Amino acid sequence: PYFMAHPQNPEAASLCLKCLVDMIVAGKIPEKSKGELIAECEKYANCIFKYETDADAIFMSRFVLARGYSALGENEKAKEILQKIPVTFGDRLYWEAEIAFADKRYDEAMDGIKKSFASKARFLTRCIRLAARIHYEQADGAGVKNALELNEYMLRLLDALLSGGEYMPHRQAFQKASLLTGLIYDCATLGQMDKAYAYFQELYDMRDKYLEFIKDAMNKHCLMFVEGDTDGLSDSLEEYINGRIEKAGRIIKQAEATK
């Protein structure tokens, strides 16, 4: 009744939408048809999207509406509305995991959140990599030094991502092998041979750890990545890492020859 008297009040609409969706999920409104419930949800949502000015409130209402759609079996509508939430608030996989969690579908929720986490982990490291490449392209004399700092930052992030259990995500292992080769080149270019040797040893150690992992990968546990998600790399990654070791060895030999 309050909303009917104040149809342009987004706060009232938000409360009505949340209460209605909670009732739908609980199955407590059998006297209304599916079409009527959808229409009522959308009536409240349209008010919010038209008159609300707070971004958090708008995006949370989209999640609530998506949960209502999902509870009514309108999964495509739920996915469509979740796509309208900016990634800064969580991607669609994250919000689908929220819906699954609210519905006590815990295994599905965990699977979704791990997939969401994996995509963000890959994106974060790629952002740092691009920042390093920008410095390489700058002709100000400090490009390699600045790139080295960023690459070492990326290495710390990758090490953190790879430390969450015995399972070693293939994509992150690939990134680390590539990164270590770049770090060896940077250090050799700057005459920091002690660090170049240390990173060369780390590349060997990383290869040994990966080989040990793939002997029995499916029985390894991972905290935040999906176990068994090869990302299309498991068949070729061992060969790739060996190639990185050979390339790193050539970089070090060339640096030693020019001392």
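**Figure 1. Contacts of Ser70 in the predicted model.** Beyond its neighbours within four places in sequence, Ser70 is in contact with Asn75, Ala78, Ile99 and Arg105. The model shown here and in the other views is predicted. Ser70 belongs to helix α4. Its relative accessible area is 18%. The cut-off for buried is under 20%, so Ser70 counts as buried. Pro169 lies 99 residues from Ser70 along the chain. The C-alpha atoms of Ser70 and Pro169 are separated by 31 Å.

**Figure 2. Helix α4 and its surroundings.** Helix α4 has 17 residues, and its end C-alpha atoms are 25 Å apart. That agrees with the 24 Å that 1.5 Å a residue should give. Of these 17 residues, 12 are buried, so α4 is largely enclosed by the rest of the structure. The buried set includes the aromatic side chains of Phe59, Phe63 and Tyr69. Arg62 and Arg67 are also buried in α4. So are Ile58, Ser61, Val64, Leu65, Ala66, Gly68 and Ser70. Which helices do the buried residues of α4 pack against? They pack against α2, α3, α5 (75-82) and α6 (92-102).

**Figure 3. The two ends of α4.** Asp54 caps the N-terminal end of α4. A side-chain oxygen of Asp54 lies 3.3 Å from the backbone nitrogen of Asp56. Just after α4 comes Gly73, with a positive phi of about 85°.

**Figure 4. Helix α5, with a buried side and an exposed face.** Ala78, Ile81 and Leu82 are the buried residues of α5. They cover an arc of only 100° around the axis, which puts them on the same side of α5. Glu76 and Glu80 are exposed, on the face turned away from that buried side. The cover over the buried residues of α5 includes α3, α4 and α6. Ala78 of this buried set is also among the contacts of Ser70.

**Figure 5. Lys104 in the loop between α6 and α7.** Lys104 is found in the loop between α6 and α7 (106-137). Most residues other than glycine have a negative phi. Lys104 is not a glycine, yet its phi is positive, about 65°. Is Lys104 buried or exposed? At 61% relative accessibility, it counts as exposed.

**Figure 6. Helix α2 and its buried side.** Helix α2 covers residues 10-26, 17 residues in total. From first C-alpha to last it reaches 24 Å, close to the 24 Å expected at 1.5 Å a residue. Pro10, Ala12, Ala13, Leu17, Leu20, Val21 and Ile24 are buried in α2. They cover an arc of only 155° around the axis, which puts them on the same side of α2. Glu11 and Leu15 are exposed, on the face turned away from the buried side. The buried residues of α2 pack against α1 (2-5), α3 (34-51) and α4 (55-71).

**Figure 7. The two ends of α2.** Asn9 caps the N-terminal end of α2. A side-chain oxygen of Asn9 lies 3.0 Å from the backbone nitrogen of Glu11. Gly27 follows α2 and has a positive phi, near 70°.

**Figure 8. Asp186 in helix α9.** Asp186 is found in helix α9 (residues 170-189). Its relative accessibility is 0%, so Asp186 counts as buried. What does Asp186 contact, leaving aside neighbours within four places in sequence? The contacts are Tyr136, Val144, Ala147, Leu148 and Asn151. Glu31 is 155 residues from Asp186 in sequence. In space, Asp186 and Glu31 are 70 Å apart, C-alpha to C-alpha.

**Figure 9. The chain behind the close-ups.** The protein chain has 11 helices and 0 strands. Its radius of gyration is 25 Å, well over the 18 Å that the globule rule gives for 259 residues, so the chain is more spread out than a compact globule. Along its principal axes, the C-alpha trace spans about 85 × 45 × 20 Å. Of the 259 residues, 39% count as buried. Among contacts with a separation of 6 or more, 67% join residues 24 or more positions apart. The chain exposes about 14600 Å², and carbon and sulfur atoms supply 55% of it.

Technical notes:
Residues numbered from 1 in each chain as written. Predicted model: local features only at pLDDT ≥ 70, side-chain atom pairs only at ≥ 80, totals over all residues. Heavy atoms only, no water. Helix = DSSP H or I, 4+ residues; strand = E, 2+ residues; numbered from the N terminus. Expected span 1.5 Å × (residues − 1). Buried < 20%, exposed > 50% of the residue type's maximum accessible area, 1.4 Å probe, protein only. Arc of directions from axis to C-beta. Contact = heavy atoms within 4.5 Å. Polar contact = N/O pair within 3.5 Å; in protein donor to acceptor, adjacent residues only side chain to side chain. Rg over C-alpha atoms; globule rule 2.2 N^0.38 Å. Areas by Shrake-Rupley, 256 points an atom, 1.4 Å probe, with all protein chains shown as cover.
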